[in-house]
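Trainee: I would like to go through the reasoning behind the labels used for this protein, one label at a time.

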Amino acid sequence: MRDTVFTRRSGWIPTVISEDGELRLMLGAGADANHEPRTFTFPIRDAHLAVIREYLARHLLLWSAVLPLCDAAGTRGRLDEDAAVALLDPILLGPPADVDALFRSIRWDRGRLVAHGADIGLLDRGQVWAAMRAATEVPDEKRAQKQHADRRRAGRRVVLGPLDAEILRYTGQYLHGSTLPRRLPDAVDRARLPQVMRVIDTAEQACAGLRIGLDPRRGNRATDKRDWDRMAATVEAAVRRAYPDLAADAVHTVSFLMCAEAADRARSTPVADDDEPAGAGKAALSFTDDKGGERTWLRSGPRTASAEFWDFVADRSAGDNEVFTIEDEELGEGIQLHFYADSIARITTVRPGDAGSDPQYRVEYRLVDGMGEYRDLVSAFVRGGCAALDTHGPWMSDVAEFERARRRRGAR
């Protein structure tokens, strides 16, 4: 049977319970293999309970010291109760100097103490006892997150100026640099907001007219990495020219914001069916892949051939399925896209098979530079067949020559 003996207002601070007549300290920490919170307990004595009731600072210091032991238990392991019990007397009953000495020799959770009001300067100097004089029962988690973010940047030797910090707050990346950036003007100091907006305006002007397209080779919502990199480089160059004193973190967060918004627009915009005029080009095409997938397009359908083909690619493309073919069976010609090799082949029937003989084909190869070129080549074939690809050369019929070209490009 388990009864609660003592708890504080803030529910995460360890609670004292009685379990089958034994006093134990109970705390939640980490998660199990199913991502559910884990709960740990270990035994304490009446003398420990008395101090926990009376002294918030010692209670918090004990919590900070036990949390790394919970982390070490992982998703399935048991808490090292002996190690946890060994912390009780030094932290709860020991003199301040001994508490400081102990914390210099063990792992402890700095963020917990900072969230509960610890003096950061004293913590930095190893004076944990004095740092907890103003401890608060209710935590300020954002204070701990800010301190963690500042220490992480300091570890990278990044120093933020006032404008740098406000730009990171504007994008929501001051605390968490890997989160998707947003526009949060209310998070910025009002006196600095006009300066921040001038930086954002510079970035917007730099990428006006640029777009980030979808990359169906990687699924229905993936965006073109090359487009992203081009926009990021353009924005960063413009912002650095206009504001040479900005920290790299601030410049990067602005380019990240521009690219993330452009990518979101690409994902939310329906695929345009403007690759070829209505009624023009081929009447029917078949699409196939290396895994037996097949789709037929007819000009009488609601979508253009190019849009339908790229939709087929997005649905079927995978790490083991990177060869896609578009074929005009009536004219005996087609193109084959090799995504794994950044190349394409155009295939033309020179002589149909007669009287049991195999047909004869002419196969020509070309290296492809990114998703944009793939789109151009597919659109050209859809409009005018293999003949329309003549101006998109050079095409190589010699396989050995083509392989040498591939290796030269790979070496670069």
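Mentor: Two strands count as paired if DSSP finds at least two bridges between them, and please keep in mind that this is a predicted model.

Trainee: What makes β1 and strand β2 (residues 15-19) a pair?

Mentor: The cut-off is at least two bridges, and 4 bridges join β1 to β2, which run antiparallel, so the pair satisfies the definition. Across from R2 stands E19 in β2.

Trainee: How do the strands line up, and is the sheet open or closed?

Mentor: The sheet is open, with 4 strands in the order β1-β2-β3-β4 and antiparallel pairing. The twist from one strand to the next averages 40 degrees.

Trainee: Why are β1 (2-6) and β4 (37-43) said to stand at the edges?

Mentor: Each of β1 and β4 has a single partner strand, so one side of each is left without a neighbour in the sheet.

Trainee: Which helices lie across β3 and β4?

Mentor: Helix α2 lies across β1, β3 (22-31) and β4, at about 60 degrees to β3, while helix α3 (residues 81-93) lies across β3 and β4, at about 60 degrees to β4.

Trainee: Why is F42 counted in a nonpolar core?

Mentor: Such a core joins buried residues, Phe being one of the permitted types, through side-chain atoms within 4.5 Å, and F42 is among those with the most contacts inside the largest core, which has 44 residues. Helix α2 (residues 56-73) gives the largest share of this core, 10 residues. Beyond its neighbours within four places in sequence, F42 is in contact with residues including L23, V66, L79 and L88.

Terms used
Residues are numbered from 1 along each chain as its sequence is written. This is a predicted model: local features need pLDDT of at least 70, side-chain atom pairs count only at pLDDT 80 or more; totals for chains, interfaces and linings use all residues. Side-chain values use heavy atoms; hydrogens and water are left out. Buried means under 20% relative accessible area, exposed over 50%, partly exposed in between (1.4 Å probe, protein chains only). Helices (H or I, at least four residues) and strands (E, at least two) are DSSP runs, numbered from the N terminus. Contact means heavy atoms within 4.5 Å. Axes are lines fitted to C-alpha atoms, for helices over the stretch in contact, and angles run from 0 to 180 degrees between N-to-C directions.
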